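Let's walk through this protein together, with the sequence and the 3D view side by side. We will begin at one turn and work outwards from there.

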Amino acid sequence: MTKLLVVATGNPGKLREMQAYLVDSGWELTLKPADLDVDETGETFAANACLKAAEVAKATGNWAIADDSGLAVNALNGSPGVYSARYGHSDADRISRLLRELGDTENRQAQFLCAVAVANPQGEIVLQSEGICKGEILYATRGEGGFGYDPIFYVPEKQLTFAEMSPELKKSISHRGNALKNLVPQLLKLLR
Ligand code: IMP
C-alpha cells in the first residue's frame, strides 16, 4: 500500500532532486501547499529540517519530509551556512556576494551539508539523516545545470562543478543524495 508523503519545499530545484531520490521509496509524493511557509528559525540544518517537516505534517495532516541544506565555506568560517538561501535575492546575487567576500583567498575549501527529517501526521519526527559533499569554490561560474550555488561548487575527484554534472552523477555524490540514500530503506520499512 502506498502512503502520501508531502515534500516540504518550495524550491523547484530541490523538489526535482528530492523526487528523483525518493522515486524508489514506495511513497506517493505530493508538494506542500504554496501558501504554507515555515520560518527557518533554527540554528542548525537539522533543527530547520525538523521544524519544516513537523509544521507541514501538522498543517496538512499527512506524513511530511523536509530538507535543510546549504554551503559552508572554510575561509568564511562556515558562512553562508544556514543562511545560504537568505544570502541574496537571487542565485546570481548569492553567487556574486560569495565570490566577492572570498576575493582571491587561496583557501577555496567548502562543503555542502544537508539534513533531512520525516514527520508523522501528528508532527512527531520519526526519521532523520545527514549528508555532506566536499569541494572547492571556483573564481567564476562553470556549467548551466543544477540550481543555487552549483556553478561555483567544484568537485576535484570528478573534475566538474555540480552545474556541469548530469543529475544522476550529482545524485550519486551530493549532500542531498547522501542524506536520502540512508533514508530510503527506512522509508520503505515505514510502509510495512
Ligand atoms: P534551504 O534549505 O531552503 O534553507 O535553502 C538552502 C539554500 O542552499 C538554497 O537556496 C541554495 O541556495 C543552497 N543549496 C542547497 N542545496 C544546494 C545544491 O544542491 N546546489 C546548490 N545550492 C544548494
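**From a hairpin to the whole fold**

A good place to start is the hairpin of β4 and β5: 5 residues lie between its strands, and among them Gly 123 adopts a positive phi near 90°. Please keep in mind as you look that this is a predicted model.

The two arms of that hairpin are strand β4, residues 109–119, and strand β5, residues 125–137; they run antiparallel and are joined by 11 bridges. To find your way along them, pick out Val 118, whose bridge partner in β5 is Leu 127. As a reminder, strands of a sheet pair through backbone hydrogen bonds, either parallel or antiparallel. In a regular strand the side chains alternate between the two faces of the sheet.

Now follow the sheet onwards from β5. This strand pairs with strand β6 (residues 153–155) in the antiparallel sense, over 2 bridges. Here Glu 136 stands opposite Tyr 154 of β6. Tyr 154 also leads us to the next strand, since its bridge partner in β7 is Thr 161. The pairing of β6 with β7 is antiparallel and has 2 bridges. Between β6 and β7 there is a loop that holds Gln 159. This residue has a positive phi of about 55° although it is not a glycine. Is Gln 159 buried or exposed? Its relative accessible area is 56%, so Gln 159 is exposed, the cut-off being over 50%.

With those strands in view, we can step back to the sheet as a whole. It is an open sheet of 7 strands with mixed pairing, and its order is β2-β1-β3-β4-β5-β6-β7. At the edges are β2 (28–31) and β7 (160–161), each of which pairs on one side only.

How many helices and strands does the protein chain have? There are 5 helices and 7 strands. Reading along the sequence, you meet them in the pattern β-α-β-α-β-α-β-β-β-β-α-α. The radius of gyration of the protein chain is 17 Å, close to the 16 Å that the globule rule gives for 192 residues, so the chain is as compact as a globular protein of that length. Its C-alpha trace spans about 55 × 30 × 25 Å along the principal axes.

Some totals for the chain help to fill in this picture. Of the 192 residues, 48% are buried. Among contacts between residues at least 6 apart in sequence, 62% join residues at least 24 apart. The accessible surface comes to about 9500 Å², and carbon and sulfur atoms account for 50% of it. The chain has 20 positive and 24 negative charges, and the mean positions of the two sets are 4 Å apart.

Let's look next at a residue in strand β1 (residues 4–7), namely Val 7. With a relative accessibility of 1%, Val 7 counts as buried, because the cut-off is under 20%. What is Val 7 in contact with, leaving aside its neighbours within four places in sequence? Its contacts are Leu 15, Met 18, Leu 29, Thr 30, Leu 31, Lys 32 and Ile 65. One of these, Leu 31, is 24 residues away along the chain, yet the C-alpha atoms of Val 7 and Leu 31 are separated by 5.1 Å.

A second buried residue is found in helix α5 (residues 175–191): it is His 175, and its relative accessibility is 3%. Not counting residues up to four places away in sequence, His 175 touches Ser 69, Phe 112, Leu 113, Cys 114, Gly 131, Ile 132, Cys 133 and Phe 162. His 175 and Leu 71 are 104 residues apart in sequence, while their C-alpha atoms are 10.0 Å apart in space.

Our last stop is the loop between β3 (63–73) and α3 (91–102), where you will find Pro 80. The peptide bond joining Ser 79 and Pro 80 is cis, with omega at about -5°. Asn 77 lies in the loop between β3 and α3 too. Although Asn 77 is not a glycine, it has a positive phi of about 55°. At 77% relative accessibility, Asn 77 counts as exposed.

How values were computed
Residues numbered from 1 in each chain as written. Predicted model: local features only at pLDDT ≥ 70, side-chain atom pairs only at ≥ 80, totals over all residues. Heavy atoms only, no water. Helix = DSSP H or I, 4+ residues; strand = E, 2+ residues; numbered from the N terminus. Rg over C-alpha atoms; globule rule 2.2 N^0.38 Å. Buried < 20%, exposed > 50% of the residue type's maximum accessible area, 1.4 Å probe, protein only. Contact = heavy atoms within 4.5 Å. Areas by Shrake-Rupley, 256 points an atom, 1.4 Å probe, with all protein chains shown as cover. Lys, Arg positive; Asp, Glu negative; His and termini not counted. Charge placed at Lys NZ, Arg CZ, Asp CG, Glu CD. Pairing = 2+ DSSP bridges.
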